[in-house]
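Look at the chain below and follow it piece by piece. The explanation starts with a single helix and works outward from there.

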Amino acid sequence: MSATRSTTAAEPTAEAVARLQDAVLVVVGHGSKRLRAAETALFGHARAISERGLFARVEACFLKSSPRLIDALARTPGGPVFLVPFLMSDGVATRTVIPGLLGFEGAPGDIVHPEFAAADTTLFYCEPVGLHPGFADVIRGSVLDSCTSKGWQPAEAGVLLV
């Protein structure tokens with residue numbers, strides 16, 4: 001028996017979209033006080049998601065620079081809030097730093113009710129984007145595009161992900 005898994009994101013159903021219309025999406029990255037350009041990608045993704053109209057609002061924030069995570073969450077009006085780490089892996093930031101900032105012990109995938117939030121707010125702590133099964137294909141495509149633009153043969157190039 002075999003199965004295949006599509007790594008192409010399916011469009012959300014009308015029912016799922018209706019449920020998200022009152023929800024806030026908060027994407028959080030590391031941020032940098034020295035390299036402001038490093039934050040551009042996160043703002044771009046947040047803007048692209050916002051333009052799709054799936055969520056009532058989309059917030060982009062950072063752990064090490066402004067806007068900060070706690071400030072973004074303070075602007076949530078209540079209702080469901082989806083917190084998505086814009087990170088490559090599930091490590092210290094997702095298992096210790098973010099939960100510590102929010103005052104709870106949890107792991108990505110948990111549904112939590114932090115004390116700082118209004119009683120009618122449910123925070124859904126999602127897995128980092130880097131854990132999505134299609135992410136490897138995104139990186140592969142980017143590497144192949146870079147090789148093509150430089151005139152390199154992919155078989156002769158090496159890639160180091162840090």
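In helix α4, which runs over residues 92-102, the buried residues are A93, T94, I98, P99 and L102. Buried means under 20% relative accessible area, exposed means over 50%, and partly exposed lies in between, with a 1.4 Å probe and protein chains only. Helices (H or I, at least four residues) and strands (E, at least two) are DSSP runs, numbered from the N terminus. The buried residues of α4 cover an arc of only 150° around the axis, so they sit on the same side of the helix. That arc is taken from the directions from the helix axis to the C-beta atoms. There is a general background to this: an α-helix has 3.6 residues a turn, so residues three or four places apart point the same way.

What does the other face of α4 carry, turned away from its buried side? The exposed residues there are V92, T96 and G100. V92 counts as exposed because its relative accessibility is 59%. V92 also belongs to a nonpolar patch on the surface, together with V97 and L101, and the three have about 250 Å² of accessible area together. Patches are made of residues with over 30% relative accessible area and no salt bridge; like charges are joined within 9 Å, and nonpolar side chains (Val, Leu, Ile, Met, Phe, Trp, Tyr) within 5 Å. The areas come from the Shrake-Rupley method with a 1.4 Å probe, and for residues only the protein chains shown count as cover.

Before going further, note that this is a predicted model, in which local features need pLDDT of at least 70 and side-chain atom pairs count only at pLDDT 80 or more, while totals for chains, interfaces and linings use all residues. Residues are numbered from 1 along each chain as its sequence is written, and side-chain values use heavy atoms, with hydrogens and water left out.

Now take the chain as a whole. The chain has 5 helices and 5 strands, and along the sequence they follow the pattern α-β-α-β-α-β-α-β-β-α. Of the 162 residues in the chain, 31% are buried.

Aromatic rings make contacts between separate elements. Rings of Phe, Tyr and Trp (its six-membered ring) pair if their centres lie within 6.5 Å; planes under 30 degrees apart count as stacked, over 60 as edge-to-face and the rest as tilted. The structure holds 3 aromatic pairs. One of them joins F55 and F82, edge-to-face, at 6.3 Å centre to centre with 65° between the planes. F55 lies in the loop between α2 (40-51) and β2 (57-62) and F82 in strand β3 (residues 79-85), so this pair ties together parts that are 27 residues apart in sequence. F55 is buried, because its relative accessible area is 17%. The rings of F82 and F124 have centres 4.8 Å apart and planes at 15°, so that pair is stacked. Because F82 lies in strand β3 and F124 in strand β5 (residues 121-125), the stacked pair ties together parts that are 42 residues apart in sequence. F124 is partly exposed, at 24% relative accessibility. Ring pairs thus link F55, F82 and F124 into a cluster.

Charged side chains come next. A salt bridge is a side-chain nitrogen of Lys or Arg within 4 Å of a carboxyl oxygen of Asp or Glu, and the count by this rule is 3. Near the start of α4 in the numbering, R95 and D90 meet in one of them, at 2.7 Å from N to O. R95 is partly exposed, with a relative accessible area of 44%, and D90 is partly exposed as well, with 28%. Salt bridges that share partners join R57, E59 and R75 into one network. In this network, the closest N and O atoms of R57 and E59 are 2.8 Å apart, and those of E59 and R75 are 2.8 Å apart. E59 lies in strand β2 and R75 in the loop between α3 and β3, so their pair ties together parts that are 16 residues apart in sequence. E59 is buried, with a relative accessible area of 9%, whereas R57 is partly exposed at 27% and R75 is partly exposed at 41%.

Two details remain. The peptide bond from S66 to P67 is cis, with omega near 0°, and P67 is found in the loop between β2 and α3 (69-74). In general, most peptide bonds are trans.

How many disulfides does the structure hold? The number is 0, where a disulfide is a pair of cysteine sulfur atoms within 2.5 Å. C126 counts as partly exposed, at 22% relative accessibility, and C147 counts as buried, at 4%.
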